[in-house]
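Trainee: I have a new structure open. Can you walk me through it?
Mentor: Sure, let's take it step by step.

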Amino acid sequence: STTTSLLQAIDSRNAFFRQRLESIGKYLDFKNVNPELASKIVAFFAYKLTSSTVSLKGVDFNELPSDLSTHLTLELHKSLLKKCFIFSALPPRFLVPLLRKLEPMVAVPGEVVVRAGHVNEKLFFIHRGTVQIFRGFGPEAMRRQVLLTTLEDNDFFGEASLLPDTSESGDGESSPTSGGFNRAGKANATIVCFSYCEFLTLSF
């Protein structure tokens, strides 16, 4: 079965992860959850438990000396810092506190992470995965496949929501390169996960 295959794929060293997934699977069986849905749920937890963004969850580094803590923070985000230009102009005294506020988030294929017309309150950095930005909102936009752009690893979106509305008309129109957001903070495009996605998010 799908569940058995997933369990066998997990490294034998991760006995804790295996036990967690077995417990989840048994609970879903006990509750007579639809097998297809149960497989998707187990697949999600298998991905999340072995995800690089959450693998250190539960480990407390608060006791590290300040210097070591700073270096660790920069090391853990070195790929993001290297490839995401938004951080390039920030000095360490501003950069490190910002990085420490990043929160991991995992989303499944087909999940809508931003809806057109809704105020956005997060800046999203794509650690791993692919998202698609569609013009408009709702099933009609999806059926018509009005695809503006695709974003992948180390791309980010939501940054335009941090800026004031500077358009002459004040209507906050965005371009495909603005990540589907207008300057007033509202999304005028729908952003959907094409694959499993690991984000680092910053709330504002």
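Mentor: We'll start with the overall make-up, then go through helix packing, the cores, the cysteines and a few single residues.

Trainee: What kind of model is this?
Mentor: It is a predicted model.

Trainee: How many helices and strands does the protein have?
Mentor: Seven helices and eight strands.

Trainee: And what share of the residues is buried?
Mentor: Of the 204 residues in the protein, 37% are buried.

Trainee: What about contacts between residues 24 or more positions apart?
Mentor: Count the contacts with a separation of 6 or more. Residues 24 or more positions apart account for 67% of those.

Trainee: On to helix packing. How do people describe two packed helices?
Mentor: By the angle between their axes and the distance between the axes.

Trainee: OK, at what angle do α2 and α3 pack?
Mentor: About 160 degrees, and their axes are 10 Å apart. An angle over 145 degrees counts as roughly antiparallel, so α2 is roughly antiparallel to α3.

Trainee: Is the crossing left-handed or right-handed?
Mentor: α2 passes α3 in a right-handed crossing.

Trainee: Which residues in α2 and α3 meet?
Mentor: From α2, they are Phe-17, Arg-20, Leu-21, Ile-24, Gly-25 and Leu-28. From α3, they are Ala-38, Ile-41, Val-42, Phe-45, Ala-46 and Leu-49.

Trainee: Let me zoom in on Ala-38. Is Ala-38 buried or exposed?
Mentor: Ala-38 sits in helix α3 and is buried, at 10% relative accessibility. Leaving out residues up to four places away in sequence, Ala-38 touches Leu-28 and Val-33.

Trainee: How far apart are the C-alpha atoms of Ala-38 and Leu-28?
Mentor: They are separated by 6.3 Å. Along the chain, the two are 10 residues apart.

Trainee: What's in the loop between α2 and α3?
Mentor: Asn-32 is one of the residues there. Asn-32 is not a glycine, yet its phi is positive, about 55 degrees.

Trainee: Is Asn-32 buried or exposed?
Mentor: Exposed, with a relative accessible area of 68%. Compare Asn-154. Asn-154 also has a positive phi, near 70 degrees. But Asn-154 is buried, at 12% relative accessibility.

Trainee: Where is Asn-154?
Mentor: In the loop between β5 and β6.

Trainee: Back to helices. How do α4 and α6 pack?
Mentor: At an angle of about 70 degrees, with axes 10 Å apart. Angles from 65 to 115 degrees count as roughly perpendicular, so that word fits α4 and α6.

Trainee: Which residues meet there?
Mentor: Ser-66, Ser-69, Thr-70, Thr-73 and Leu-74 in α4 meet Leu-95, Val-96, Leu-99 and Arg-100 in α6.

Trainee: And what does His-77 touch?
Mentor: Leu-99, Leu-102 and Leu-200, not counting residues up to four places away in sequence. His-77 lies in the loop between α4 and α5. His-77 is buried, at 14% relative accessibility.

Trainee: New topic. How many residues does the largest nonpolar core have?
Mentor: It has 16 residues. Those with the most contacts inside it are Val-113, Val-114, Val-131, Phe-157, Ile-191, Cys-193 and Phe-199. β1, β2, β3, β4, β7 and β8 each supply at least two residues of this core.

Trainee: Which strand gives the most?
Mentor: β7, with three residues. There is also a second, separate core of 11 residues. Among them are Phe-87, Leu-95, Leu-123 and Leu-200.

Trainee: I spotted Cys-193 in that list. How many disulfides are in the whole structure?
Mentor: Zero.

Trainee: Then why is there no bond between Cys-197 and Cys-193?
Mentor: A disulfide needs the two sulfur atoms within 2.5 Å. The closest cysteine sulfur to that of Cys-197 is in Cys-193, 3.7 Å away, so it is too far for a bond.

Trainee: Are Cys-197 and Cys-84 buried or exposed?
Mentor: Cys-197 is buried, with a relative accessible area of 0%. Cys-84 is buried too, at 1%.

Trainee: Last one. Where does Gly-158 lie?
Mentor: In the loop between β6 and β7. Gly-158 is buried, at 0% relative accessibility. The C-alpha atoms of Gly-158 and Ala-187 are separated by 8.5 Å. Along the chain, Gly-158 and Ala-187 are 29 residues apart.

Terms used:
Residues numbered from 1 in each chain as written. Predicted model: local features only at pLDDT ≥ 70, side-chain atom pairs only at ≥ 80, totals over all residues. Heavy atoms only, no water. Helix = DSSP H or I, 4+ residues; strand = E, 2+ residues; numbered from the N terminus. Buried < 20%, exposed > 50% of the residue type's maximum accessible area, 1.4 Å probe, protein only. Core = buried A, V, L, I, M, F, W, Y, C linked by side-chain atoms within 4.5 Å. Axes fitted to C-alpha atoms, helices over the stretch in contact; angles between N-to-C directions. Parallel < 35°, antiparallel > 145°, perpendicular 65-115°, else oblique. Left-handed = near helix turned anticlockwise from the far one by under 90°. Contact = heavy atoms within 4.5 Å.
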